[in-house]
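Visitor: I should like a close look at one part of this model, namely the loop that joins two of its helices. Please set that loop in the context of the whole chain.

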Amino acid sequence: MAKRLFEHNDAWESIASRCANEITIVLREVLGKLEAELEDTVDLRDFHYVANHAIGGFVSDLSIMRRLGSGDEQPREIMKHYPRLSTPDTYSHNWYCEASPSSHCAYDDEADPMNDQCIYCGDPRERK
Ligand SMILES: [Zn+2]
């Protein structure tokens, strides 16, 4: 059976607090990327809706996989290739990519650490 984060009278254990901090830091980074791409602040009601949708979808998808599987399934690898927000630091030197849903070349840093092949068009990151 999976480990609970609230085993003792629903009190916040250290690991539950630290987990919440990790999620907060991820949200901070996402908000920064989003507002950089928008070149404006975002309506926080919309940001809240999208964040809840993403967390709910992530957890329910994994719950179903674990219920139907052996119980220790990991999140799907394919989600690394979903279209992403632009990173402000790298936006200016990302290549335009007609085949990519985000319009920029994307690389799988684990399978292709040298970024030799865009996962959409096959072009390398380093070009002349
Ligand atoms: Zn590409």
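Guide: Helices here are DSSP runs of H or I of at least four residues, numbered from the N terminus. In this predicted model, the loop between helix 1 (14-38) and helix 2 holds Glu39. The phi angle of Glu39 is near 55°, a positive value in a residue that is not glycine. Glu39 counts as exposed because it has 6 C-beta neighbours inside 10 Å, and the cut-off for that class is 12 or fewer.

A second residue invites comparison with the one in the loop. Asn115, in the segment after helix 3, likewise has a positive phi near 55° without being glycine. Its surroundings are described by another class: Asn115 is partly exposed, because 15 other C-beta atoms lie within 10 Å, a count that falls between the limits for exposed (12 or fewer) and buried (20 or more).

The confidence of the elements should be kept in mind. Helix 2, residues 44-68, has the highest mean pLDDT among the elements, at 97, whereas helix 3, residues 88-91, has the lowest, at 49. Where pLDDT is low, predicted coordinates should not be read in detail. Over the protein chain the mean pLDDT is 88, and 95% of the residues reach 70 or more.

The wider setting is a protein chain with 3 helices and 0 strands, in the order α-α-α from the N terminus. Its radius of gyration is 18 Å, well over the 14 Å that the globule rule gives for 128 residues, so the protein chain is more spread out than a compact globule. Along the principal axes, the C-alpha atoms fill a box of roughly 60 × 40 × 25 Å. Of the 128 residues, 3% count as buried. Among contacts between residues at least 6 apart in sequence, 21% join residues at least 24 apart.

The domain assignment places residues 14-79 in domain 1 and residues 80-128 in domain 2. The C-alpha centres of domain 1 and domain 2 lie 22 Å apart. Contact between them involves 7 residues of domain 1 and 7 residues of domain 2. On the side of domain 1 that touches domain 2, the residues comprise 4 nonpolar, no polar and 3 charged.

To return to the part requested: the loop between helix 1 and helix 2 contains Glu39, a residue with positive phi that counts as exposed.

Note on methods:
Residues are numbered from 1 along each chain as its sequence is written. This is a predicted model: local features need pLDDT of at least 70, side-chain atom pairs count only at pLDDT 80 or more; totals for chains, interfaces and linings use all residues. Helices (H or I, at least four residues) and strands (E, at least two) are DSSP runs, numbered from the N terminus. The radius of gyration is taken over C-alpha atoms; the globule rule is 2.2 Å times the number of residues to the power 0.38. Two residues are in contact if their C-beta atoms, placed from the backbone, lie within 7 Å. pLDDT is the predictor's confidence in each residue, from 0 to 100. Domain bounds come from an automatic or database domain assignment. Ala, Val, Leu, Ile, Met, Phe, Trp, Tyr, Cys and Pro count as nonpolar, Asp, Glu, Lys and Arg as charged, and the others, Gly among them, as polar.
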